[in-house]
Amino acid sequence: MRHVVTLLCLLALAACARVPGPFEHDPTRDSYARPRVDKAEVAIAPPRNMPPEMGQRVAATLAMELQSYGIVASVAPADAPILVDGVMSTRDADMSIEVQVDYRVVGRPRTDEPATVKTRARPEDYAAQNERLISRMAQQAAPRVATLIGKPPNFIPRAPGQVAAGITIPYEFPSDPVADGTAAAAEAAAATGTKPTTAPVPTKPVEQQVKVLVAAVTGAPSDGNRQLYSGMRRALGSNKIVIVDAAAEDVFTVAGTVNLTPIDERTGKLVVKWVLKDPAGKVVGDIEQANPVPLAAARGTWAGFGDIVASAASEGVLELLEKALNRPR
């Protein structure tokens with residue numbers, strides 16, 4: 001009988017409990033799980049012996065480039081199972097500087113072969129820590145570092161780094177026809193035993209100053225507008241284009257617009273369009289860069305990423321400028 005009374009009391013208490021309404025918040029159904037965040041697979045340390053600011057930029061750009069191979073990377077220090085360290089050395093190479101970085105996985109035996117990346121640069125580009133130099137170093141290092149950590153690329157990278165443009169930035173040292181001709185004459189004279197004649201050095205024509213106004217970039221998330229704007233100014237300025245801050249009768253204008261459209265919860269299609277107008281306001285042409293990118297990367301800081309995208313697009317802008325300057329008046 002005592003057990004029956006106890007059971008009746010418990011049922012009475014349960015009946016007194018308040019039942020939530022059909023649209024009322026029920027705290028018992030709350031979930032406190034954190035949203036899923038992609039965990040970094042590898043952390044990239046700034047290469048040792050490299051100027052600190054340059055090292056940070058190389059590490060950040062390399063981490064972004066690794067996204068193109070499906071590797072989630074971040075700049076050290078970061079919570080990642082693999083840490084990649086690098087050591088830089090430089091040497092003279094004719095009229096240029098050869099920058100070498102030996103990348104290793106921290107904790108592995110020193111007897112393991114490093115991933116060695118060699119990049120040639122003009123002395124002035126290295127001294128100025130040129131953005132194109134930074135991007136080339138990262139683009140060359142990304143597939144080697146991917147292989148180093150056990151994820152060798154088996155596809156052509158299309159990614160934030162190489163880039164939302166799908167463009168690589170080849171770098172070739174321009175040949176000097178005068179020097180080439182002098183060297184050929186010297187070789188011929190040595191073979192015949194005659195004294196080489198010295199040809200007069202032609203005078204270089206005065207280069208035309210091309211002025212460009214980079215208009216404000218619109219549409220990018222986070223700090224993308226500012227990073228793309230400053231990146232395009234630097235990229236064009238490093239190619240002997242005079243960057244101005246106001247329109248004039250002899251000034252071209254380049255303007256950029258950005259559109260990020262989600263594809264799924266993790267990936268989006270990034271389209272960056274640059275339009276070049278002549279001093280009269282007539283459209284010369286446009287360059288469109290489009291590629292799928294991780295949404296997390298596009299919505300984060302564009303530092304480094306913006307410079308790479310702008311640097312890739314500047315090649316097309318320079319071609320449009322040449323087209324405009326050479327067309328019949």
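This is a short tour of three helices, α2, α4 and α8, in a predicted model.

**Stop one: helix α4.** Select residues 131–148, which form α4. How far apart are the end C-alpha atoms of this helix? They are 25 Å apart, and this agrees with the 26 Å that 18 residues should span at 1.5 Å a residue. Now bring back the rest of the structure around the helix: 14 of the 18 residues of α4 are buried, so α4 is largely enclosed.

**Stop two: the start of α4.** Add N130 and R132 to your selection. N130 caps the N-terminal end of α4, with a side-chain oxygen 2.7 Å from the backbone nitrogen of R132.

**Stop three: along α4 and just past it.** Move along to A142, where α4 has a kink of about 35°. The proline P143 follows shortly after that kink. Carry on to G150, just after α4, and you will find a positive phi of about 90°.

**Stop four: α2 against α4.** Keep α4 shown and select residues 52–66, which make up α2. The axes of α2 and α4 come within 8 Å and cross at roughly 50°. That angle makes α2 oblique to α4. The crossing of these two helices is right-handed.

**Stop five: helix α8.** Finally, select residues 305–326 to see α8, a helix of 22 residues. From its first C-alpha to its last, α8 reaches 32 Å, close to the 32 Å expected at 1.5 Å a residue. Where does α8 bend? Center your view on S314, where the bend is about 25°.

Note on methods. Residues numbered from 1 in each chain as written. Predicted model: local features only at pLDDT ≥ 70, side-chain atom pairs only at ≥ 80, totals over all residues. Heavy atoms only, no water. Helix = DSSP H or I, 4+ residues; strand = E, 2+ residues; numbered from the N terminus. Expected span 1.5 Å × (residues − 1). Bend = angle between axes of the 7 residues up to and from the residue. Buried < 20%, exposed > 50% of the residue type's maximum accessible area, 1.4 Å probe, protein only. Polar contact = N/O pair within 3.5 Å; in protein donor to acceptor, adjacent residues only side chain to side chain. Axes fitted to C-alpha atoms, helices over the stretch in contact; angles between N-to-C directions. Parallel < 35°, antiparallel > 145°, perpendicular 65-115°, else oblique. Left-handed = near helix turned anticlockwise from the far one by under 90°.
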